[in-house]
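The exercises below ask you to read contacts, burial and pairing from the structure that follows. Work through each task before you turn to its solution.

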Amino acid sequence: MRSKFASKTCWGDEYMLYRKLGSTKEEVSILGFGCMRLPVLDDKPDKIDNKLATSMIHYAIDNGVNYIDTAYPYHGNSLSEGGMSEVFLGEALKGGYREKVTLATKLPSWIIEDKKDFEFYLNQQLDRLQTDKIDFYLLHTLNRTYWPKLENLGVTDFLDAAIADEKIKYTGFSFHDDFEVLPEIISAYNWDVCQLQYNYMDKNYQAGIDGLRYASDQGLGVVVMEPLKGGVLANNVPLEVQSIWDMAEIKRTPVEWAFRYLWDDPQIDVVLSGMSSIEQVVENIKIADEGHPNSLTFDEKDLIREAKYEYRQRIKVGCTGCGYCMPCPSGVDIPHVLNQLNHFYMFDDPSGARSHYYGILKESERAINCTECGECEKQCPQGVSIIKSLKEVVEKFGS
Ligand code: SF4
Ligand code: SF4
């Protein structure tokens, strides 16, 4: 029988590890490159720093990363228009790089209103990506609202036809809802992969550990997103958490602990990282060198449990910074505002949070501008009580 833990290949100084992705024939790098947080110019999401981002992608591929993930809205200004991530990749993967990777992108589920839309968006995405075939075509953000809509419009027939036409190779979906919603979706089609949010803080959130086990047991490849919970597990680590990491016999960075926790699980195939700098790419590739399944000791797993406990005492809002709630009709920069509320609680740094709040956010972007229309809460895959949290921000930071 072929080993699920497919192979290990040396690329210069580092090894990249590969796992067989579910029941597909693909052997994919345990580190996947998520193209939603590429470096940008002038702080504008649609102005990708092409030169730097291209060098990051090429470095990653040259060092063994072969799973590249994007989606229709990534690096755009609104969810209804195509962002620049797919367009960027179409250019960046020229010169032989396209052939070295498996490319995943996603159908924008929220835009689809008619069965004609399926083909319209797929064709547009093939053009934007400058490719004849998408390796993994996922339905983006399936939940209890979008799945019935797409199913009723005949999405499974569309996927069958797209495979027959050789426009896509494998199918899948990304999932943002409670575990209870997952079995119905999985049983409705012969999916190849599913993409779930999972990290050591989110074991019982959304699909959680139950969803991960269920999907893998059904033969789907499991792609994990948000390994660092939108960066909060990597940045400004509080002293109490750092002192837990410092107790480890083998010293590792907080980023390394978060990734190692995931790769330790034999039912996780790929961990996506939305890398924003060349330093992150280099660091993550180095970390992936040792991401073997079942490689953490009992004591190391215990340390992770302690760190989780410490964080749990602090995180106020489960916002991952995905931006799906944007744009707010009243101009509130919801993810950045909520980020400062979390900063306030998690990092023992009220004055820093307050000064970031006033330094980063223009007057027109602050919480005080919220009119409580509720549009953002309908879009939030994390179920954040945005209005309530914004009121708390006003209480804490003033107007
Ligand atoms: S509820 Fe407030 S933050 Fe949300 S979209 Fe409406 S005005 Fe913007
Ligand atoms: S509030 Fe929700 S939709 Fe908005 S950025 Fe945070 S997690 Fe994403």
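**Exercise 1. How many nonpolar, polar and charged residues make up the shell around ligand 2, and which residues come nearest?**

Solution. Sorted by class, the shell around ligand 2 holds 9 nonpolar, 4 polar and no charged residues, where Ala, Val, Leu, Ile, Met, Phe, Trp, Tyr, Cys and Pro count as nonpolar, Asp, Glu, Lys and Arg as charged, and the others, Gly among them, as polar. Of the 13 residues around ligand 2, the ones that come nearest are Cys319, Cys322, Gly323, Cys325 and Cys380, a residue being near if one of its heavy atoms lies within 4 Å of the molecule.

A note on conventions belongs here: this is a predicted model, in which local features need pLDDT of at least 70 and side-chain atom pairs count only at pLDDT 80 or more, while totals for chains, interfaces and linings use all residues. Residues are numbered from 1 along each chain as its sequence is written, chains are lettered from A and ligands numbered from 1 in the order in which they are written, and side-chain values use heavy atoms, with hydrogens and water left out.

**Exercise 2. Which residues are around ligand 1, and what is the make-up of its shell by class?**

Solution. Begin with the residues around ligand 1, which are Cys328, Pro329, Ser330, Ile334, Cys370, Thr371, Glu372, Cys373, Gly374, Cys376, Ile387 and Leu390. Sorting this shell by class then gives 8 nonpolar, 3 polar and 1 charged residues.

**Exercise 3. Compare the salt bridges of glutamate 240, aspartate 302 and lysine 362.**

Solution. Side chains of opposite charge can pair when their charged atoms come close. With a salt bridge taken as a side-chain nitrogen of Lys or Arg within 4 Å of a carboxyl oxygen of Asp or Glu, a search of the whole structure finds 25 of them.

Glutamate 240 forms a salt bridge with arginine 314, their closest N and O atoms being 2.8 Å apart. This pair links distant parts of the chain, 74 residues apart, with glutamate 240 in helix α8 (residues 239–246) and arginine 314 in the loop between α11 (298–312) and α12 (334–346). Glutamate 240 is partly exposed at a relative accessible area of 31%, whereas arginine 314 is buried at 9% (buried means under 20% relative accessible area, exposed over 50%, and partly exposed in between, with a 1.4 Å probe and protein chains only).

Aspartate 302 pairs with arginine 305, the closest N and O atoms lying 3.2 Å apart; because the two are 3 residues apart in helix α11, about one helical turn separates them. Aspartate 302 is partly exposed at 29%, and arginine 305 is partly exposed at 46%.

Lysine 362 bridges to glutamate 365 with the closest N and O atoms 3.9 Å apart; here lysine 362 counts as exposed at 56%, while glutamate 365 is buried at 17%.

**Exercise 4. Which strands pair with β11, and are its two faces covered or open?**

Solution. Strand β4 (residues 31–34) runs parallel to β11 and is joined to it by 3 bridges, glycine 32 having leucine 272 as its bridge partner. Strand β10 (residues 221–225) also pairs with β11 in the parallel sense, over 2 bridges, and valine 224 has valine 271 as its partner; pairing requires that DSSP finds at least two bridges between the strands.

In a regular strand the side chains alternate between the two faces of the sheet. Both faces of β11 (residues 270–273) are covered, with Val270 and Leu272 buried on one side and Val271 and Ser273 buried on the other. Strands here are DSSP runs of E with at least two residues, and helices are runs of H or I with at least four, numbered from the N terminus.
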